Amino acid sequence: MVSIRALPKIWLNGRFVPWDEAKIHVLTHGLHYGYAIFEGIRCHGTSSGPAVFRLRDHFDRFQNSAKIYRMRLPYDRGTLERATLDLVRENGVSDAYLRPIAYSGYGEMGIDPTKSPIEVAVAMWEWGAYLGEEGVRRGVRATVSSWVRIDSRMLPPQAKCAANYANSALAKMEATSGGYDEAILLNAAGMVAEGPGENIFRVKNGVVSTPPASSGILRGISRDTVIRFVKDEGLEFQRTDFTREELFTADELFYSGTAAGITPIREVDGRSIGSGEYPITRRLQERYDVAIHGRSERYSGWLTYVDGPRPRA
Ligand SMILES: Cc1ncc(COP(=O)(O)O)c(C=O)c1O
């Protein structure tokens, strides 16, 4: 079952190859041992052509993930950023999700990844809101997972490593098989951490809060975007831990993520959240929409136009 539409090209190890030819060997090291780091980026249509949102920040995080995992990337960031922009042009699609990935390739088997070559690809595909358009409008139903979020003594959550997503997949499957749309993971201290592929925000009495980086989360770029919007809205903001029961008593809850956008949570484990209206979440969603589509001068620094100046190394 393939639900994504093939686009003409994928960038693989320095060149554009036809979508169907972007293949790897079954003994690719990263496939067996999870040694792969990746990014999730979005590109949107604007009145000046397609623009990638927070390209530099995504490649900063990509480089940080590589550093944490002692992975030497065979391409500098300028090359990767240009490849990403060129890929959008090659494929002729404005609204898409972009996936740079670096992994230990086909070399030697055994856990030590340093014996295998590092390969790099950038792929893109058309992807609507990860938790559904209806979820963005009406909110999703979430459950607190029995799976505990990984922490930095086990697998560093701040590195966007493929291995981390085994933990996310367990939580996601538990949620969906129980009839929910998405999971919320607690950390080893029992405090709220994040979703399997999203950060989480809480609104209570007009104050917007999100767990700190030390709670064992990925430092989301959308999380950072939302924090800026909260401040620009003149709302009070706190980076603070909160408990499971503080989820239930929130006025509003929402997920943030490149794939999910800003998606309200309308229910957690059978408790309706707030009044079912999301006045603050809606204001943040509107700002997000304006920013990613290049309709605000204030946030224009976050956009890299595909047909604009080429990024340097
Ligand atoms: C575990 C996890 N948390 C949070 C996020 C949100 O991060 P971002 O806003 O950078 O997409 C993601 C998505 O990449 C994720 O996988």
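Let's start with a helix pair: L55, F59 and Q63 of α2 meet R77, L80, E81 and T84 of α3. By class, that contact splits into three nonpolar, two polar and two charged residues. Keep in mind that we're looking at a predicted model here.

How do the two helices sit against each other? α2 and α3 (residues 77–91) pack at about 130 degrees, and 11 Å lies between their axes. An angle over 145 degrees would count as roughly antiparallel and one from 65 to 115 degrees as roughly perpendicular, so α2 ends up oblique to α3. As for handedness, the crossing of α2 past α3 is right-handed.

Now zoom out to the whole chain. There are two domains, with domain 1 covering 9–127 and domain 2 covering 133–292. Taken over C-alpha atoms, their centres are 26 Å apart. Where the domains touch, domain 1 puts in 20 residues and domain 2 puts in 10.

On the domain 1 side of that contact, the elements giving two or more residues are β3 (36–38), β4 (41–44) and α2 (55–68). Here α2 turns up again: with five residues, α2 gives the most to this side. Sorted by class, the domain 1 side has nine nonpolar, six polar and five charged residues.

Then there's the ligand. Its shell is made of 15 residues, and the closest of them are L218, G220, I221, S222 and T258. Two elements, α6 (221–232) and β14 (252–257), each give two or more residues to the shell. Which element has the largest share of the shell around the ligand? That's α6, with three residues.

Here's how the three residue sets break down by class:

| Residue set | Nonpolar | Polar | Charged |
|---|---|---|---|
| Contact of α2 with α3 | three residues | two residues | two residues |
| Side of domain 1 that touches domain 2 | nine residues | six residues | five residues |
| Shell around the ligand | three residues | nine residues | three residues |

So for the ligand shell, the tally is nine polar residues, alongside three nonpolar and three charged.

How values were computed: Residues are numbered from 1 along each chain as its sequence is written. This is a predicted model: local features need pLDDT of at least 70, side-chain atom pairs count only at pLDDT 80 or more; totals for chains, interfaces and linings use all residues. A residue is near a molecule or strand if its C-beta atom, placed from the backbone, lies within 6 Å of it. Helices (H or I, at least four residues) and strands (E, at least two) are DSSP runs, numbered from the N terminus. Ala, Val, Leu, Ile, Met, Phe, Trp, Tyr, Cys and Pro count as nonpolar, Asp, Glu, Lys and Arg as charged, and the others, Gly among them, as polar. Domain bounds come from an automatic or database domain assignment. Two residues are in contact if their C-beta atoms, placed from the backbone, lie within 7 Å. Axes are lines fitted to C-alpha atoms, for helices over the stretch in contact, and angles run from 0 to 180 degrees between N-to-C directions. Angles under 35 degrees count as roughly parallel, over 145 as roughly antiparallel, 65 to 115 as roughly perpendicular and the rest as oblique. A crossing is left-handed if the near helix is turned anticlockwise from the far one by less than a right angle, and right-handed if clockwise.
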